[in-house]
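Dear colleague,

I am passing the structure below on to you, together with some notes on its internal spaces and on one helix pair. Please read them alongside the coordinates.

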Amino acid sequence: MIYTLTLNPSLDYSMTLGRFSVGAINTSNAEDIKPGGKGVNISIMLERLGHKSVAMGLVSGFTGSEFIRLLKGMVSNVDFTMTEGGNTRINVKFRTDVETEINSNGPSRVPFSVYDEIIEKITSAVKSGDILVLAGSIFPGWPETCHSKLLKQLRGKNVTVIIDTNGNSLVDSLRYRPYLIKSNRRELCQIFSKELNSTSEITYHARLLQARGTQRVIVSLGKDGAILLDEHEYIFQSLPPKGKVMNTVGAGDAMLGAYIAAMEEGRPTIDCFKYSMAAGSATAYSPWLASKAEIDELFPKIRLI
């Protein structure tokens, strides 16, 4: 079974506008509300590609209740824990000539002791051969070592761990040797506190992360595609196929979800990477997370460079 953990999910409120003017009254042409968060998007993508997962995490307040209601219409297995201490965050996305996002930090009064319940739930559920995806940010005020607290409990259980978080939370988890980590250019720059512009710079610093304890590293580069470093020192790189970008929110999550789906199907590494590229690109060219049909249509167009 595949488990995804999203500690700080959101309701994503998207508004489509002809244009956005600062200091003026703006009226949207269309709105929608969807459950959001990296692990959540990964579970939704897996479901669209025919793979079941258990979406886990923490929610709170009336927004948390609505989050669960919406997610249950998209993912078969939803096992979020309802907590006290505020409301699940609402992130606002403006779709206009330039994409703009306003992301909330999330509830700040959720006690860290709640995390022990999550650890107990996960360690009791996962079995040898399962996949656990730790994705997204953590609650404000929680220690950046909280993922490591969970991973320490999973040592020796033969669980394939995949991590898509950032900063010290990602770096600290590497000592528990996850199978795969997913990052992007901005997050990599933040980790190393320097600008990384060229592919060679990005690859070099991804190798530094790999040397600290993970087998594989994927770095998404937006319009410049993505790179994959595997455990055999191979480097895969691809540019996205041509298309009109409509929405980049969730494109990286779609990449990782499709990679896991292809991996579960036993595809070779090169196909896993190409399928992930197809999913990320198809999502960027769609209003939201891409469908399987859209991904399959782009897959033959993915070329390595």
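Which residues line the second largest cavity? In this predicted model, that lining consists of K93, F94, R95, E99, T100, E101, N247 and V249, and the space inside is about 40 Å³. Strand β6 gives the most to the lining, with three residues, while β6 and β7 (100–102) each supply at least two. By class, the lining of this cavity has two nonpolar, two polar and four charged residues.

A search of the whole structure finds two cavities of 30 Å³ or more. The largest cavity holds about 50 Å³ and is lined by D12, S14, D32, K34, K93, R95, V249 and W288, with two or more residues coming from each of β2 (10–16), β3 (30–36) and β6 (89–95). Five of its lining residues are charged, two are nonpolar and one is polar.

As for pockets, the second largest has a volume of about 170 Å³, and of its 14 lining residues the closest to the centre are L154, V159, V161, Y176 and R177. Both α4 (146–154) and β9 (160–164) give two or more residues to this lining, which divides into seven nonpolar, four polar and three charged residues.

Helix α4 also packs against α3 (residues 114–125), at an angle of about 30° and with the axes 10 Å apart, so α3 is roughly parallel to α4. The crossing is right-handed, and the contact involves Y115, D116, I119, I122 and T123 of α3 together with C146, H147, K149, L150, Q153 and L154 of α4.

Best regards

Technical notes
Residues are numbered from 1 along each chain as its sequence is written. This is a predicted model: local features need pLDDT of at least 70, side-chain atom pairs count only at pLDDT 80 or more; totals for chains, interfaces and linings use all residues. Side-chain values use heavy atoms; hydrogens and water are left out. On a 1 Å grid over the protein atoms alone, a cavity is a set of points where a 1.4 Å probe fits but cannot get out, and a pocket is an open set with protein on both sides within 12 Å along at least five of seven lines; lining residues have an atom within 4 Å of a point. Grid points are joined across faces, edges and corners, and a volume is the space filled by probe spheres set on the points. Helices (H or I, at least four residues) and strands (E, at least two) are DSSP runs, numbered from the N terminus. Ala, Val, Leu, Ile, Met, Phe, Trp, Tyr, Cys and Pro count as nonpolar, Asp, Glu, Lys and Arg as charged, and the others, Gly among them, as polar. Axes are lines fitted to C-alpha atoms, for helices over the stretch in contact, and angles run from 0 to 180 degrees between N-to-C directions. Angles under 35 degrees count as roughly parallel, over 145 as roughly antiparallel, 65 to 115 as roughly perpendicular and the rest as oblique. A crossing is left-handed if the near helix is turned anticlockwise from the far one by less than a right angle, and right-handed if clockwise. Contact means heavy atoms within 4.5 Å.
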